[in-house]
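Here is a short report on how two parts of one protein meet. Look at the model first, then read on.

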Amino acid sequence: MSDYKINTKCVQSGYTPGNGEPRQIPIVQSTTFRYETSEAMGRLFDLEESGYFYTRLQNPTNDMVAAKIADLEGGTAGMLTSSGQAANFFALFNICEAGSHIVASSSIYGGTFNLISTTMKKMGIDATFVSPDCTEDELNSAFQDNTRALFGETIANPALTVLDIEKFARAAHAHGVPLIVDNTFPTPVNCRPIEWGADIVTHSTTKYMDGHGAGVGGAIVDSGKFDWMKYADKFPGLTTPDESYHGITYAEKFGKEGAFITKCTSQLMRDLGSIQSPQNAFILNLGLESLHVRMARHVENGQAVAEFLNGHDKVEYVSYPGLPTDKYYDIAKKYLPQGGCGVVSFNIKGGRSAAEAFMKKLKLAAIETHVADARTCCLNPATSTHRQMSDEQLEEAGIPAGLIRISCGLEDKEDLIADLKQALD
Ligand SMILES: *Cc1c(COP(=O)(O)O)cnc(C)c1O
């Protein structure tokens, strides 16, 4: 599918039925697969042939959808995981172990920050967090001899900072490690990090890719560009024999194009599970079929809402990379020429109590801890996800008490603006 435009890939990639076969992706609702001989199955276990034996590792429905996402991102291989959290953990843990170190942007999803700063730390994997706006010198000085990956988000959730992917890729490659980019918010429709130098791309497919608030899931895509063998001493898991897999050396047997995903599937999925259910993969693919159409509307609504709020006298400031007044406007023009996403954040004058009163008055926008689905929703961190923090602590964390994150859905923008206007009034 790689010659088609992204719009065509959203609809067509990943599955082409043969004569008389189902038009829609079949849901292979089976835990296991039958073989005529033990030898035939043995060849799968030896990774001599590709095929299916147990859905904890791989399932045909998942693989069709993963192939579509890999094609959308311009990668060589992909896999689905049970959640975005699992995708980011697997992508990092596939090349890190106790004693390793990660450099990560400090402006990332809270769940990923906790994963790296707390849970992976307990596994003996250290991390240094850097501002996405740091200079190249500051970025380079965060690396250590044991650094194994650089991590960032194209558009950070919820801060809406935009990553300078080329700057991050240069630093990663200067230190012989891959750049992993979580591309959840823009989706490959609006940005393809691999084209800017990223090596591995991850997703919470729970957000725009599914797009209907229907199924939790994640995905990992490999660009196939990182030369593991060149830095063999850093990545022994890929470049030396895997004794738990009959002495296979992934980077030798599957090359740059296939080593990362094959190891992640045959080792981490085998040992940790966390695969997406075939049902959810099917639902995800329904979302992907209209992703290009929906993203354009999410961006249109986000831009209109951001412009409305930006001119309002009860609003302190608005963060949205599509606004010329936004700190990330220029960098967004480079990496996100068609716009970024439908998530806008703004600080209402009057702090916590004003935010609470405003949210109570909303009729269309629902209060939810979610973003990026068809229905507009909003959240005030001070009175929900961050309610244990004082106003002073919130201010320090860059989340003032009056901050409201609004995820613009697919409704008519005039109705959305009218709802915000009456609530502000
Ligand atoms: C939601 C989100 C995640 C976590 O994904 P889940 O599917 O909820 O596990 C990771 N990264 C980003 C940018 C997200 O928005």
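What distance separates the centres of domain 1 and domain 2, taken over C-alpha atoms? The centres are 30 Å apart. The model is predicted: local features need pLDDT of at least 70, side-chain atom pairs count only at pLDDT 80 or more, and totals for chains, interfaces and linings use all residues. Residues are numbered from 1 along each chain as its sequence is written, and side-chain values use heavy atoms, without hydrogens and water.

The domain bounds come from an automatic or database domain assignment. Contact here means heavy atoms within 4.5 Å.

| Domain | Residue range | Residues in the contact |
|---|---|---|
| domain 1 | 14-286 | 27 residues |
| domain 2 | 292-424 | 29 residues |

About 2400 Å² is buried between the two domains. Buried area is the accessible area (1.4 Å probe) that two parts lose on being put together, summed over both. Carbon and sulfur atoms give 61% of this area. On the side of domain 1, Leu160, Asn190 and Tyr208 supply 31% of the area buried against domain 2, more than any other three residues.

Polar links also cross the interface. There are two salt bridges between the domains (a side-chain nitrogen of Lys or Arg within 4 Å of a carboxyl oxygen of Asp or Glu). Lys334 forms a salt bridge with Glu166. Their closest N and O atoms are 2.6 Å apart.
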